[in-house]
Amino acid sequence: MAQITLKNLAHSYHPTPKGEQDFALKEMDHVWQDGGAYALLGSSGCGKTTLLNIISGLLRPSQGRVLFGDRDVTDAETAERNIAQVFQFPVVYDTMTVRDNLAFPLRNRGKDAAYIARRVDQIARMIGMETILDRKARGLTADAKQKISLGRGMVREDVNAILFDEPLTVIDPHMKWELRTQLKQLHREFGHTMIYVTHDQTEALTFADKVVVMYDGRVVQMGTPEELFETPAHTFVGYFIGSPGMNLLPAEIRGSTAHLQGAAVPLGAAYGPISGRTQIGIRPEYAVLTEGDGLPIAIRRVEDVGRHRIVRGEVAGQMISVIAPEGMPVGSALTHVRFTPDRINVYADDWRVAPAEGAV
Amino acid sequence: MEKTQNNKAWFLVLPVLVLVAFSAVIPLMTVVNYAVNDTFGNNQFFWAGLEWFDEMVNSQRLHDALGRQILFSAIILAIEVPLGIYIALNMPKKGFWASVCLVLMALPLLIPFNVVGTIWQIFGRVDIGLLGHYLAKLGFDYNYVSDPVDAWITVIVMDVWHWTSLVALLCYAGLQSIPNAYYQAARVDQASRWAVFRYIELPKMAGVLLIAVLLRFMDSFMIYTEPFVVTGGGPGNSTTFLSIDLVKMAIGQFDLGPAAAFSIMYFLVILLVSWVFYTVMTNLDKEEGK
């Protein structure tokens, strides 16, 4: 096991990249702590899988180095890196039995038979397949096959890291939850570094200690689920995390006030001069409907999602979402919306701006 | 309202029935007719029963031809199948060179059979053929006209040249359908090259490979044109395969009765083998879909 360091890493699928737009992965430095449970979150095509394949050595980066501990493994083969990886779609060896499938990575590494048998039984119990160990893998359902893939990923105890590439896409919701819990438990038990790629925020937030959000080939933020929620470093994080995502409103920032089409919104802190396109971001959870305090809102739609209602309305020409807690009546008397000042984040050209130091 | 019963729709299948009757049933029945009769021309037939079948089953000439035929099919399958797989595994997967390879591989398949025969007939000649001439220059005593072994080698190499592409292209198609994740998983699992072939590539190719073997077996078992053009079945009878022998018997000697009996047995053998292949193939599919 080792800490995984990415140095000046970038990757392009073009043989001769001409500019930044040709890079699937923009230049980045990143450290994956030994034993961490990470989720790599982002929309489709943002470079998550590319990054994963570079770590596992399936892909050689066009520039930069990959270090495992102190060892430079940029040019090392996947097998040398001692990594386990589970893919999005089930990969099973059809002609082998379930048992042989699970034993395959161990046999290839020349482990002794008694150890393999013990380990395979253990994993089979974990994925709930101990009764069908002697069946051929061919003809099993997609989620059974994926469980075998997961099992093959976890069967080796001495791996440097286990990488999961959206492994639960094909699994039905109930089993999904159960497997995720098992992965989490496995992580606690053995302390492997785990990197879990997903575009499902619930999956990411429940699995990981640290969530890494990627957007357009870049890591835009790494943090705990709470940090991602409270202080998104990029508008994409605000929009992608949360249900619904953060409201973004174009505003002009002067000191500790934001001006939106004539209306003033107090901010929790003062800001220095900001250049670029400025926006304020406020989570629907921190917006409150009032009878006259705050900005005028024209309510367009109310969605009841069970625990609370999502109110969609127009503020200063922009659609925003507000969460109305259970029990609160939503009626025509509510004409305004108030944003909790210290929960407002300020963005310039999509990146979060920290409040000016020493300002009140 | 009463439903009218109208069976006129059956007339719609008439064109197909007529077509099949003329293309298959009537010719086959003619052959059956010849097989159980003796004829001296003038459309005079004398009932012979199973006499011709009896004669053919016990004919040394037919046994020899069948032996040569089986040997020929076995040899070309033993060469073309592994070679085809090997070529398919080593063909580029995509890009410019993949297209170039595909076109080059397809070329021999597009050449008419008698032209293939003619090409090799000339290619192998010792006096003017490129191959024959230079083999002679290198000191090989090569002459497919007089030496049975040389004749066999020529016919086999010709068939390999002509048909390996078919096996390779079918296997290539099978290989192309394997998602990249399988190869990646194999690398992560530290599988050897052999294990990748044995557990990933071969199982995925099994279906098309079976079709390739079936096609190659049937075609080689019925081979006529190419060896006929190159060697004419010689020297002696050494490259006289079943079809060539059959034509000699029917057209050369005008022994229509024995030839017809021979044809029917030949047909049944091929039908039997195809049926076996078909059964194996559908069983494989069933296992796949379980």
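Modeller: Helices and strands here are DSSP runs, with at least four residues for a helix and at least two for a strand, numbered from the N terminus. The model is predicted. From the N terminus on, chain B reads α-β-β-α-α-α-α-α-α-α-α-α-α-α.

Colleague: What makes chain B more spread out than a compact globule?

Modeller: Set the radius of gyration against the globule rule. For 290 residues the rule gives 19 Å, and chain B has 24 Å. That is well over the rule, so chain B is more spread out than a compact globule. Its C-alpha trace spans about 85 × 75 × 35 Å along the principal axes.

Colleague: How many of the residues of chain B count as buried?

Modeller: The share is 29% of the 290 residues. To count, a residue needs 20 or more other C-beta atoms within 10 Å of its own.

Colleague: Which buried residues does α9(B) hold?

Modeller: They are B:Tyr199, B:Ile200, B:Glu201, B:Lys204, B:Met205, B:Ala212, B:Arg216 and B:Ser220. Their cover includes α3 (60–90), α7 (148–176) and α8 (180–188) of chain B.

Colleague: How do you know that α9 of chain B is not a straight helix?

Modeller: Compare the spans. A straight helix of 29 residues would reach 42 Å. Helix α9 (residues 193–221) of chain B covers only 34 Å between its end C-alpha atoms. There is also a kink of about 55°, centred on B:Ala206. That angle lies between axes fitted to the seven residues ending there and the seven starting there.

Colleague: How do α3(B) and α9(B) cross?

Modeller: Their axes come within 9 Å and cross at roughly 145°. The crossing is right-handed.

Colleague: Which residues meet where α3(B) and α9(B) are in contact?

Modeller: From α3(B), they include B:Phe72, B:Ile76, B:Leu77 and B:Gly84. From α9(B), they include B:Val213, B:Phe217 and B:Phe221. B:Ala212, B:Arg216 and B:Ser220 take part too, and these three are among the buried residues of α9(B). An α-helix has 3.6 residues a turn, so residues three or four places apart point the same way.

Colleague: Now chain A. Why is A:Glu166 called buried?

Modeller: The cut-off is 20 or more other C-beta atoms within 10 Å. A:Glu166 has 21, so it is buried.

Colleague: Where does A:Glu166 lie, and what does it touch?

Modeller: A:Glu166 sits in the loop between β7 (161–165) and α6 (173–190) of chain A. Not counting residues up to four places away in sequence, A:Glu166 touches A:Gln88, A:Val197 and A:Thr198.

Notes. Residues numbered from 1 in each chain as written. Chains lettered and ligands numbered in written order. Predicted model: local features only at pLDDT ≥ 70, side-chain atom pairs only at ≥ 80, totals over all residues. Rg over C-alpha atoms; globule rule 2.2 N^0.38 Å. Buried ≥ 20, exposed ≤ 12 C-beta atoms within 10 Å, placed from the backbone. Expected span 1.5 Å × (residues − 1). Contact = placed C-beta atoms within 7 Å. Axes fitted to C-alpha atoms, helices over the stretch in contact; angles between N-to-C directions. Left-handed = near helix turned anticlockwise from the far one by under 90°.
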